[in-house]
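Good morning, colleagues. Please bring the sequence and the structure up on your screens, and I shall take you through helix packing, backbone geometry and internal cavities.

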Amino acid sequence: MSELVRSAVKGAAVGWTLGASQRGKKTFTRLTFFDPVPLRMAQSDALDSWHVWAAHLKAGKPPEALADSWAACWHGRSEEGGFGLMNLRRGLRPGLSGAYANPLGEGSEALGRAVFWGLVFHGDPEAAARWAVASASIDHFGDGVAVAALVAWWTAIAKPGTSITDFVAVANALLPVESLATRSLQAALSRGTDPDAAKNLHLTLPVQLGLVDTAHAALSLAWIMCGLQAGVTTWGSGPMVAAGCGAASDQTSMVCGTLATLLSGGVPEEWSGVIGDEYVAGHSLVGIDSSRSLSALADLVVGLAPAPVAVAEPAPAVVAPLPVADTTSAVEEPSADGSVQEPEPVVPVVDPTPVVPQPAVPSSTLLARMNSAKSNHSGRVGDFLVDVAYLSPPAVKPGGSLQLQLTMTNTGPSDQAVDPKVSVPDGWQVAHRMQEFLAQPGRPTTFVMVAQAPADWPARPTTITLHIGDGDFPLPVLAAERWHAIGPFANNEDLGYEKSYGPETEQRSDQTLSSRSGLPLKWKTEFVPGTVIEVEPYFDGGPGVVYLFATAKLPRAGHHRVFAACDAGVVVWIDGKKCVGYFDRTKPVPRYGPPYIGECVVADSTKVLVKVVRGREPVGPLYLSFYNEDGEVVGLSDFEVLA
C-alpha cells in the first residue's frame, strides 16, 4: 500500500499543476491536457503546508496543537489563511480562529491540505478526518471544514476497487444534512456520467445555492464529484474536468489527481513525465526546509504513516461436531438379498454467503467536533483537553458581557482531582459554578461562565485565565471596534454615490445635519466586531447614504492596502485621501482584488471614513480589512472617541 500512497503524492502534484493555470476562471474550459504544458510542477501552497504538518507529526504533537505549528512555521498570505493567522495573533484558537470575522472561511484552501492527512493515515479514515478538521479549523468554518474532512476520508479509503457509491455513503454520513455541501453534492450526483454535466452545472449551481463566491467549498465539492464521475479507473478524465471548472481549480484538480491515482493504481508517464521530479517550493515556510524532489516528498509522507497496531492472534474457533444421525428409532429395512444397509450420514447445511465487512462510519465524536468548530476555542493543559464555546461573540464593548461554556476532558490514563479557578482583569466581574471535581478518563465536565466588562473599560484586548492544576489556559477577550455612524441621507434617483454630504468635509460630535426625511442627524457611537460590519440597520429599510468614521491605529505606520466591499456603492477615505470607490449593483465577492482594493500610507493614528450607498434593495455587510507591506491581514485598534 505504501507504493500506492507514494504514487498518489505525484498524482497530487500533477493535479495541482493541471489546475493552477485555470485558477480563478469564471467560465468552464474543456481541457484535453495541460494548458499550457508546463516545464515543471507549479508552486503549491498546499504541498508546502504538508511540510509543516510533517514536522508537527515528527515532533509527536497532538491535533489540538496544529495551530501553534502553523503560526510558527507558516507565513503564507493566502486569503482564508490571512484571516486565520490574524485571529491566531489575537489569541483565538481553532475553530474560533477560522470563523471569527473571516469573510472567506467557507472557501476551499483547506482541501489540498486535507489530502495530506488522507495519505498519511491511509486505511484509517477516522484519524485522517480528525486531523483534517483540526487543520482546517485554523482558518475555516462550516463547509470549509466539513468538505476538508470529507476529502481526507475519501483519500484514506481510496484504492483500486473503491466505488463512487462508497464515497457517497461516507458523504451522507459525514456532511450536515442541510448544508450547502450536501445540496451541491446531490446536484452533481443527479447529473450522473453526462459528459456535459460539469459544464451545465457550472452555469446553474452557484445561482441555485445563492453563492457568489465561486471558490466556496460546497461548489468545489461538486466539481470534484463531477471529476470522479467522469472516470474513476483512468487517470486524466477526472482532474481535467475539475480543473476546467476554474475557481479553486488548483485545489479541486489536486484532490481529483490524488483520488484518480489511488483508484487506478498510478499516474501515467504522459502526465507525470511532463513535470519531472523537481519540487518547486514557495516562500511561506519558516524554519522548515522543503523537499528537493517529489520523490523525497513521497518518502516523507510514506515515512509518517503510523506503525500498524499489533493484533493478537484470535483464539482457535470452536467447531461443533457434525450431528450424528439418530438411528435408534430408525427401522432398518433389509434389502432384497437380506443384507442391512447402513444409514447415510447427515451433513450439516453451511450458509455459503460470505461475511462482508461493513465500511467505517464517522464517529459521533468526529461529527461533534466538526459541527462545533465554528464557536470553539480549543487547546490542551497537561492531560486535559479544553473546549471553550463562545456563546457570545469574543469582541466585547464597555459594560458588555461574555458568555462561555467550558468543557474539560481528562485524556490521561487515571482519575484526577481538579479544582479549576478563573482570573479576570481588574474591574471585571465573573459568575460561574465551577467547583472541585473528580475527572475520570474520557469523561467531559462542563461549566458555564459569564464575565462582564466595566462600563469604563478602555476597549482594549485582554485575557481571562482558566487555571487547571499547574497549567493555565487563556481565554482571549477582544475589544469591539468603536465606530461613529451618521445617516441615512437622501439617495434620490441613485445620485447619492456622486453627491457629497457634510461628513465628507468634517466629522465632529456636535455636528447636526439633515436626514433624508428632513429630521436632524447626529453622529452615534456604535461598537461593531470589525472586518464584517452589518450596515443595513442604519438605513431604516429604505435607500440612502450612511457614513462610518473612526480614528484608530494599525500595528505599524507605513504603506498599506485597504479592502472594502459592499452591495451597491462604497467609498473609503484614509486620512482624507480617497482610496477605494466603486458603484456596482452586483453582490460583491469578498476576495482580494479590484475594484475593492486601494493603496494608502498611514501614520501612527489613522482616520477612516467610509461611505455606503443603498438602493431599493437591502444591502449585505460591509467587508473592511487592511493588509500591511508584508501582505498580512491586520486590524485596527485603540479606537478614539469622536472629538
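I begin with a helix pair: Glu126, Ala129, Arg130 and Val133 of helix 7 are in contact with Leu366, Arg369 and Met370 of helix 17. By class, this contact of helix 7 with helix 17 comprises 4 nonpolar residues, 3 charged residues and no polar ones. I should state at once that the model is a predicted one.

As to the geometry of this pair, helix 7 spans residues 125–136 and helix 17 spans residues 364–371. Their axes lie 10 Å apart, and the packing angle is about 15 degrees. Since angles under 35 degrees count as roughly parallel, helix 7 is therefore roughly parallel to helix 17. The crossing of helix 7 with helix 17 is left-handed.

Let me turn to a second pair, helix 11, residues 197–209, and helix 12, residues 217–230. At what angle do the axes of helix 11 and helix 12 cross? The angle is roughly 160 degrees, and the axes come within 11 Å. The cut-off for the roughly antiparallel class is an angle over 145 degrees, so helix 11 and helix 12 are roughly antiparallel to each other. Their crossing is right-handed. On the side of helix 11, the contact is made by Ala198, Leu201, His202, Leu205, Pro206 and Leu209. Helix 12 contributes Leu219, Ala222, Trp223 and Cys226. This contact of helix 11 with helix 12 has 9 nonpolar residues and 1 polar residue, with no charged residues.

The third pair is helix 2 with helix 16, the latter covering residues 294–303. Here the packing angle is about 35 degrees, and the axes are 10 Å apart. Helix 2 and helix 16 cross in a left-handed sense. From helix 2, the residues Leu47, Trp50, His51, Ala54 and Lys58 meet Leu297, Leu300 and Val301 in helix 16. The contact of helix 2 with helix 16 divides into 6 nonpolar, 1 polar and 1 charged residue.

I move next to the backbone. Which residues does a cis peptide bond join in the loop before helix 2? Asp35 and Pro36 are joined in this way, with omega at about 0 degrees. Pro36 sits in the loop between helix 1 (2–20) and helix 2 (45–58). A cis peptide bond also joins Pro94 and Gly95, where omega is about -5 degrees. Gly95 is placed in the loop between helix 4 (79–89) and helix 5 (96–99). A further point concerns Ala459, a residue other than glycine with a positive phi, near 55 degrees. Ala459 belongs to the loop between strand 9 (444–452) and strand 10 (462–468).

Finally, the internal cavities. How many cavities of 30 Å³ or more are there? The count is 3, and the largest has a volume of about 90 Å³. That largest cavity is lined by 14 residues, of which Glu481, Thr531, Leu624, Ser625 and Gly635 are the closest to its centre. At least two lining residues come from each of strand 12 (481–489), strand 23 (622–627) and strand 24 (633–634). Strand 23 supplies the largest share of this lining, with 3 residues. By class, the lining of the largest cavity consists of 8 nonpolar, 4 polar and 2 charged residues.

Thank you for your attention.

Conventions. Residues are numbered from 1 along each chain as its sequence is written. This is a predicted model: local features need pLDDT of at least 70, side-chain atom pairs count only at pLDDT 80 or more; totals for chains, interfaces and linings use all residues. Side-chain values use heavy atoms; hydrogens and water are left out. On a 1 Å grid over the protein atoms alone, a cavity is a set of points where a 1.4 Å probe fits but cannot get out, and a pocket is an open set with protein on both sides within 12 Å along at least five of seven lines; lining residues have an atom within 4 Å of a point. Grid points are joined across faces, edges and corners, and a volume is the space filled by probe spheres set on the points. Helices (H or I, at least four residues) and strands (E, at least two) are DSSP runs, numbered from the N terminus. Ala, Val, Leu, Ile, Met, Phe, Trp, Tyr, Cys and Pro count as nonpolar, Asp, Glu, Lys and Arg as charged, and the others, Gly among them, as polar. Axes are lines fitted to C-alpha atoms, for helices over the stretch in contact, and angles run from 0 to 180 degrees between N-to-C directions. Angles under 35 degrees count as roughly parallel, over 145 as roughly antiparallel, 65 to 115 as roughly perpendicular and the rest as oblique. A crossing is left-handed if the near helix is turned anticlockwise from the far one by less than a right angle, and right-handed if clockwise. Contact means heavy atoms within 4.5 Å.
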